[in-house]
Structures are given as C-alpha cells and as structure tokens.
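User: Please take me through one part of this model in close detail. Start at a pairing between two strands, then turn to a helix and what packs against it.

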Amino acid sequence: MPLRSAELSSSLAAFKADVTRASDDDDGVAAIPEAAVRPPGTLHLTLGVMALQDENLVQRATDVLQSLRPGDLLRRIRLAEKKKTAGEEEGQASPPQLGEDGKLSLAFRGLQAMRRPDQTSVLYVPPADDEGQALRRLCEELRSPFREAGLMTVDDDGRPLLLHATVVNTVYVRGKGKGKGKGKGGRGRLTFDGREVLARYEGFAWAEGVEVGEVAICRMGAKKVGDEGDQAYEVESEVAF
C-alpha cells in the first residue's frame, strides 16, 4: 500500500538531516549512514511478499488483485467499527478514519526497531491504529486471497502481520563491512545502536491524515525517479479503494 504524503516526506527529510550528522563521540562517523535512510517514494505498508518467478504467476497475482473490492471492504469495516464504538466513553482514542470517499486516512507516530534496538539494522514508523483494529482487519482480508491462491509467502513461525513504513535499512549501504557497527569479521549487514534515536523519536508525529487509496503489486528493487534523488518501486498492477 503506497504512502504518498508531503508531510511524511518533509518529516523524513528532517529526520535524515538529524540522524546522519557526525558527532564528536562518533569520531566523525555518523551512526546511521545517509544511504540507509529510505527515499520518500519507497514508503509503503507491506501486506506480504510473493515470489513471482514467471509471467504466468505475475498474471495470476494480477488477476487476484483486480478481483478485490477494497472500497466495499472498507465500507463494511467502517460500519462494523461504528457499531463497535457507539456508546463508548467520551475521550477515548478515535479509530483510524475510514472516509466516505473510500480512502483510509492514517497517522504515523513514533519510531521502532526490528529486533534488538542496540544492534539493529532497520528502523520503522508504525501506522496509528488507535482503536478497533480496523487497519489490521483490512490488511488481513486484502492479503487473504493471495494466500489462498498459494501466491504469498507465509511465515513458518506464525508471526503476525507487522504493518510498518521502513525509514532506515542498512542493507542499502555499500561497503557494509567498513566502519562502525559492522557484522562479525566485517561481514553481514551493518548494524548500529539505535537506542538514542529511538528515545528521541518515541513520540514524534511524522504525519497526520495520510490517505491510502491503492493496493499495488510492486517489483522488488526501487528505481531512481526525477532529479531530486528520490526512488520508487515499479508498479506491476494496482487497484483503487
């Protein structure tokens, strides 16, 4: 699900300028390399991963996608959420806004790490799902047909769907065996201690009212777009809400 928001892009630019600055404590080496901070055009919520190794599989996945009716699903979930929240005490957190136009409007707040915060390689921003689990229900139902068709990878360990927008990923840093935070013997993915950054951005409001209006099948590997250094994933097929 692509995330397109000027406010989100602006927050990401400010975050990059902040966390990639070298400090005296780091001997002039920034804890988070610039190349690890993801371009705004790559921000998205991943519903699942598919290994589509030939055009027949691509077409099957496209057919499943085009058979979805995200707008109808949204309206059904919105109705259920309204019934569920009716009569609840005033002042409780409101649910994600499911608008009349069929688009999902989300907020993005805070910052979290994949795996150990003191030795991480990925930082992400979670979408706000303050009440009712509407967003999770929507995403689970959208990816279910792909799983039923045998197209989407299923985690063997049974981990639940983790909705997140990745803002830092050191897999994109070249020469990962050099500098601070390298893996054992200079090999493997670059890691860093993210605890200080996580503490500073714990309650940070990245963006409010980010409208999500499409579900897309994208090819792995973002490509450069425009002249400002942005990148985006190639869309194979998409369907509007």
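Analyst: In this predicted model, E214 sits opposite A240 of strand β10. The pairing belongs to β7 (residues 214–218) and β10 (residues 235–240), which run antiparallel and are joined by five bridges. Four of the five residues of β7 are buried, so the rest of the structure largely encloses this strand.

Now the helix. Helix α1 covers residues 6–19. Its 14 residues should span 20 Å at 1.5 Å a residue, and its end C-alpha atoms are 20 Å apart, so expectation and model agree. At the start of α1, S5 places a side-chain oxygen within 3.3 Å of the backbone nitrogen of E7.

Which residues of α1 are buried? They are L8, S11, L12, F15, D18 and V19. Viewed down the helix axis, these buried residues fall within an arc of 125 degrees, so they line one face. An α-helix has 3.6 residues a turn, so residues three or four places apart point the same way. The cover over the buried residues of α1 includes β2 (104–109), β5 (165–169), α5 (195–200) and β6 (205–212).

Just past the helix comes T20, in the loop between α1 and α2 (55–67). With under 20% as the limit for buried, T20 counts as buried because its relative accessibility is 12%. The T20 side chain reaches back to the backbone oxygen of K16, at 2.5 Å.

F15 also has a place in the wider packing. The largest nonpolar core holds 53 residues, and F15, F108, L111 and L123 touch the most other members. Helix α4 (residues 134–148) gives the most to this core, with six residues. Nonpolar side chains tend to be buried together in soluble globular proteins.

F108 shows how the packing draws on separate stretches of chain. Beyond its neighbours within four places in sequence, F108 contacts L8 and L3, and also L45. Its other such contacts include V125, P126, P127 and A165. A further group is F204, A205, W206, A207 and V210. L8, one of these partners, is among the buried residues of α1.

The setting is a protein of five helices and 10 strands. Of its 241 residues, 39% count as buried. Among contacts with a separation of 6 or more, 72% join residues 24 or more positions apart.

Terms used. Residues are numbered from 1 along each chain as its sequence is written. This is a predicted model: local features need pLDDT of at least 70, side-chain atom pairs count only at pLDDT 80 or more; totals for chains, interfaces and linings use all residues. Side-chain values use heavy atoms; hydrogens and water are left out. A nonpolar core is a set of buried Ala, Val, Leu, Ile, Met, Phe, Trp, Tyr and Cys residues joined through side-chain atoms within 4.5 Å. Buried means under 20% relative accessible area, exposed over 50%, partly exposed in between (1.4 Å probe, protein chains only). Helices (H or I, at least four residues) and strands (E, at least two) are DSSP runs, numbered from the N terminus. Contact means heavy atoms within 4.5 Å. The expected span of a helix is 1.5 Å times one less than its number of residues. The arc is that of the directions from the helix axis to the C-beta atoms. A polar contact is a pair of N or O atoms within 3.5 Å; within protein, one must be able to donate a hydrogen and the other to accept it, and residues adjacent in sequence count only if both atoms are side-chain atoms. Two strands pair if DSSP finds at least two bridges between them.
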